[in-house]
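Dear colleague,

Please find below the structure I promised to pass on to you. My notes on it follow directly after.

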Amino acid sequence: MNQVPPLPPMTCDQVREIDQVAMKQFQIPGIVLMENAGRGAAECIDQIAPDGSVLILCGKGNNGGDGFTIARHLQLAGREVTIVAMAPADELHGDAAIQAKIAEASGIEIQILQESDEPPQLPAADIIVDGLLGTGAKPPLRGRYAEVVEAANAASAIQFALDIPTGMNGDTGETGATTFVADHTLTFAAPKVGFEKRDAVRFTGEVHVISIGVPLKLLRQFSA
Ligand SMILES: NC(=O)C1=CN([C@@H]2O[C@H](COP(=O)(O)OP(=O)(O)OC[C@H]3O[C@@H](n4cnc5c(N)ncnc54)[C@H](OP(=O)(O)O)[C@@H]3O)[C@@H](O)[C@H]2O)[C@H](O)CC1
Ligand SMILES: [K+]
């Protein structure tokens with residue numbers, strides 16, 4: 001289906017404001033925005049990389065929630081999907097917790113990353129999806145996120161970042177010591193201003209804007 005021209009590049013706060021206006025002024029529940037984001041991202045991944053197994057890395061926030069959502073839609077497309085989650089569903093909140101529990105109920109394989117002194121061993125996969133951190137996080141990476149990103153970057157897979165490559169500041173394009181190196185970045189609602197700065201393109205790869213289903217009227221409010 002055709003899409004209206006994408007919004008101009010925005011800051012993380014501006015895109016988060018679109019979320020809030022969509023929920024408060026247009027009564028679109030956050031879970032609907034996440035479902036739209038996840039379904040749109042899954043369709044894009046399946047179109048760009050139609051073959052092979054998929055490993056989805058899910059953080060503890062809504063970027064991870066997108067990952068759980070994508071897993072279900074890729075499974076529906078007949079793809080072999082595995083999730084590595086940074087925390088169990090009962091430690092998640094809000095829409096991310098809902099999508100994690102749906103993924104669990106759907107019988108999708110979910111491995112919880114365990115505390116360990118050893119570097120994480122990720123399951124082999126042809127495609128890796130970074131649903132670790134998005135607009136709610138700024139580098140440097142805390143906890144085991146850096147180790148997971150390093151393990152993903154060491155794998156020989158087609159790499160997709162959700163919204164923002166984990167380890168990148170979406171506003172400045174700054175990347176910490178460890179940043180997910182994506183072949184494609186599926187960014188929600190609008191490109192992020194940081195994608196055009198510094199050497200961000202080394203980490204974003206090709207950027208695709210994914211609609212989250214907010215009304216044209218709202219998009220126009222933010223395009224003016
Ligand atoms: N309108 C839209 O664009 C939509 C976007 N969606 C997706 O939602 C994320 C934003 O989700 P949010 O939960 O606000 O934030 P994140 O998931 O990016 O990250 C929050 C978690 O990250 C932890 N955190 C924060 N900083 C760090 C760090 N430096 N290192 C490690 N971990 C970090 C944070 O932990 P705390 O302990 O600080 O709470 C959180 O656990 C957006 O990017 C999109 O993917 C919606 O799904 C749809 C609409
Ligand atoms: K990400």
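A backbone N or O atom of glycine 134 lies 2.6 Å from an oxygen atom of ligand 1. Please bear in mind that this is a predicted model. Two further residues approach the ligand through polar atoms. Aspartate 163 does so with a polar side-chain atom, 2.7 Å from an oxygen atom of ligand 1, whereas arginine 142 places a backbone N or O atom 2.8 Å from a nitrogen atom of that ligand. In total, 22 residues surround ligand 1, and those that come nearest are Asp19, Asp66, Gly134, Arg142 and Asp163.

The second ligand is a potassium ion, and its donors lie at 2.6 to 3.1 Å. Side-chain oxygen comes from Asn63 (OD1) and from Asp130, which is listed twice with OD and once with its O atom. The remaining donors are the O atoms of Leu133, Leu162 and Ile164. Along the sequence, the donor residues follow the spacing N-x66-D-x2-L-x28-L-x1-I. Of these donors, aspartate 130 and leucine 133 are both buried.

I also looked at threonine 178, which is found in the loop between β5 (158-162) and β6 (184-188). Is threonine 178 buried or exposed? Threonine 178 counts as buried because its relative accessibility is 13%, below the 20% limit for that class. Its side chain makes a polar contact of 2.8 Å with the side chain of glutamate 150. Apart from neighbours within four places in sequence, the residues in contact with threonine 178 are Leu141, Ala146, Val149, Glu150, Thr166 and Gly167.

As to the cysteines, the structure contains zero disulfides. Cysteine 44 takes part in none, and the nearest cysteine sulfur to it, that of cysteine 58, is 17 Å away. Why is cysteine 58 without a bond to cysteine 44? The sulfur of cysteine 44 is the closest cysteine sulfur to that of cysteine 58, yet at 17 Å it is too far for a bond. Cysteine 44 is buried, because its relative accessibility is 11%. Cysteine 58 is likewise buried, with a relative accessible area of 0%.

Finally, a note on annotation. An unreviewed UniProt entry lists residues 15-220 as "domain: YjeF N-terminal". In the model, this span is 36% helix and 17% strand, and its end C-alpha atoms lie 13 Å apart.

Yours sincerely

Key
Residues are numbered from 1 along each chain as its sequence is written. Chains are lettered from A and ligands numbered from 1 in the order in which they are written. This is a predicted model: local features need pLDDT of at least 70, side-chain atom pairs count only at pLDDT 80 or more; totals for chains, interfaces and linings use all residues. Side-chain values use heavy atoms; hydrogens and water are left out. Donors are N, O and S atoms within 2.8 Å of the metal (3.2 Å for Na, K and Ca); water is not among the atoms, so sites may look incomplete. Buried means under 20% relative accessible area, exposed over 50%, partly exposed in between (1.4 Å probe, protein chains only). Helices (H or I, at least four residues) and strands (E, at least two) are DSSP runs, numbered from the N terminus. A polar contact is a pair of N or O atoms within 3.5 Å; within protein, one must be able to donate a hydrogen and the other to accept it, and residues adjacent in sequence count only if both atoms are side-chain atoms. Contact means heavy atoms within 4.5 Å. UniProt positions are given in the numbering used here, feature names are shortened, and annotations may be inferred rather than shown by experiment. A disulfide is a pair of cysteine sulfur atoms within 2.5 Å. A residue is near a molecule or strand if one of its heavy atoms lies within 4 Å of it.
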